[in-house]
Amino acid sequence: MKILTLWEPWASLIGIKRIETRSKASNYTGRLAIHSALKPCSIAMLRDLGYLAKRGQHPNEMQSLIEEHLQARLINGFPYGQIIKLVNQDACRPMTTGPGHGYDGQLRKYISIGDQTQMELLLGNWQAGRYAYKFSDFIDLTEPIPFVGRQGMRELDDHETLLA
């Protein structure tokens with residue numbers, strides 16, 4: 001089993017968002033633990049990095065979406081530094097601004113940015129050349145598991161013990 005560490009609020013939004021956008025491809029398919037990073041990523045930090053501005057999105061729009069879908073998390077706090085969900089990673093596909101199917105010598109399928117819902121577009125970094133990790137079978141852990149991780153995807157050692 002692998003584990004993927006994400007900043008909050010994106011870790012808690014997995015399930016609402018069914019696709020995680022990443023800069024690197026992954027050939028992994030199977031069960032995946034979602035880990036909430038230990039430190040928060042604030043809207044102010046994103047604004048400073050120019051992340052939202054690059055995408056033409058206003059930070060208040062994202063804040064409203066977060067408030068709408070994460071009321072309990074906003075009241076009780078985010079589960080920083082914990083494994084909070086299990087999902088299946090079904091595929092990883094490159095993103096394109098064109099149609100959802102393409103030929104690159106390997107008959108590889110692409111994810112069309114234009115075919116995504118407003119929710120997915122708002123909650124991901126949708127740019128041609130990036131990758132879309134497609135998730136399904138979402139399970140929220142009723143008791144999050146404290147875990148020290150690092151950004152990105154890696155093997156989860158002793159997952160039988162951790163997730164028993």
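Which way do Ile19, Glu20, Thr21 and Arg22 point from strand β2, and are they buried or exposed? Ile19 and Thr21 point one way, Glu20 and Arg22 point the other way, and all are buried. As a rule, side chains in a regular strand alternate between the two faces of the sheet. Bear in mind throughout that this is a predicted model.

**The overall layout**

Let's step back for a moment. The protein has 164 residues, and 46% of them are buried. Its secondary structure comes to seven helices and seven strands, and along the sequence they come in the order β-α-β-β-α-α-α-α-β-β-α-β-β-α. If you take the contacts with a separation of 6 or more, 79% come from residues 24 or more positions apart. On the outside, the protein exposes about 9,000 Å², with carbon and sulfur atoms supplying 51% of that area.

**Strand β2 and its partner**

Back to β2, which covers residues 19-22. This strand is joined by four bridges to β6 (residues 131-146), and the two run antiparallel. If you want one pair to look for, Ile19 has Lys134 in β6 as its bridge partner.

Arg22, also in β2, is worth a look too. Arg22 counts as buried because its relative accessible area is 18%, and the cut-off for buried is under 20%. Its side chain makes a polar contact with the side chain of Glu20 at 3.2 Å. Leaving out residues up to four places away in sequence, Arg22 touches Leu4, Leu6, Arg130, Tyr131, Tyr133 and Gly152.

**The nonpolar cores**

Some of those neighbours turn up again here. Leu4, Leu6 and Tyr133 are among the twelve residues of the largest nonpolar core. The rest of the list is Ala11, Ile14, Tyr28, Leu32, Ile34, Ile84, Val87, Cys92 and Phe135. Elements giving two or more residues to this core are β1 (2-6), β3 (30-36), β4 (82-96) and β6. Of these, β4 gives the most, with three residues.

Val87 makes a handy place to start looking around. Setting aside neighbours within four places in sequence, Val87 is in contact with Ile14, Gly30, Arg31, Leu32, Ile34, Phe135, Ser136, Asp137 and Phe138. There's also a second, separate core of seven residues, including Ile3, Ile83, Leu86 and Ile145.

**An aromatic pair**

The structure holds one aromatic pair. The rings belong to Phe78 and Tyr80; their centres are 6.0 Å apart and their planes sit at 55°, so the pair is tilted. Tyr80 counts as partly exposed, because its relative accessibility is 29%.

**Out on the surface**

Here are four residues with their relative accessibility.

| Residue | Relative accessibility | Class |
|---|---|---|
| Arg22 | 18% | buried |
| Tyr80 | 29% | partly exposed |
| Thr97 | 66% | exposed |
| Thr142 | 76% | exposed |

Where does Thr97 sit? Thr97 is in the loop between β4 and β5 (111-112). Not counting residues up to four places away in sequence, Thr97 touches Ile113 and Ala128. Thr97 and Asp115 are 18 residues apart along the chain, and their C-alpha atoms are separated by 9.2 Å.

Thr142, by contrast, is found in strand β6. Thr142 counts as exposed because its relative accessibility is 76%, and exposed means over 50%. In sequence, Thr142 and Ile84 are 58 residues apart, while C-alpha to C-alpha they are 8.1 Å apart in space. Ile84 itself is one of the residues in the largest nonpolar core.

Definitions and conventions
Residues are numbered from 1 along each chain as its sequence is written. This is a predicted model: local features need pLDDT of at least 70, side-chain atom pairs count only at pLDDT 80 or more; totals for chains, interfaces and linings use all residues. Side-chain values use heavy atoms; hydrogens and water are left out. Buried means under 20% relative accessible area, exposed over 50%, partly exposed in between (1.4 Å probe, protein chains only). Contact means heavy atoms within 4.5 Å. Accessible areas come from the Shrake-Rupley method with a 1.4 Å probe; for residues, only the protein chains shown count as cover. Rings of Phe, Tyr and Trp (its six-membered ring) pair if their centres lie within 6.5 Å; planes under 30 degrees apart count as stacked, over 60 as edge-to-face and the rest as tilted. Two strands pair if DSSP finds at least two bridges between them. A nonpolar core is a set of buried Ala, Val, Leu, Ile, Met, Phe, Trp, Tyr and Cys residues joined through side-chain atoms within 4.5 Å. A polar contact is a pair of N or O atoms within 3.5 Å; within protein, one must be able to donate a hydrogen and the other to accept it, and residues adjacent in sequence count only if both atoms are side-chain atoms.
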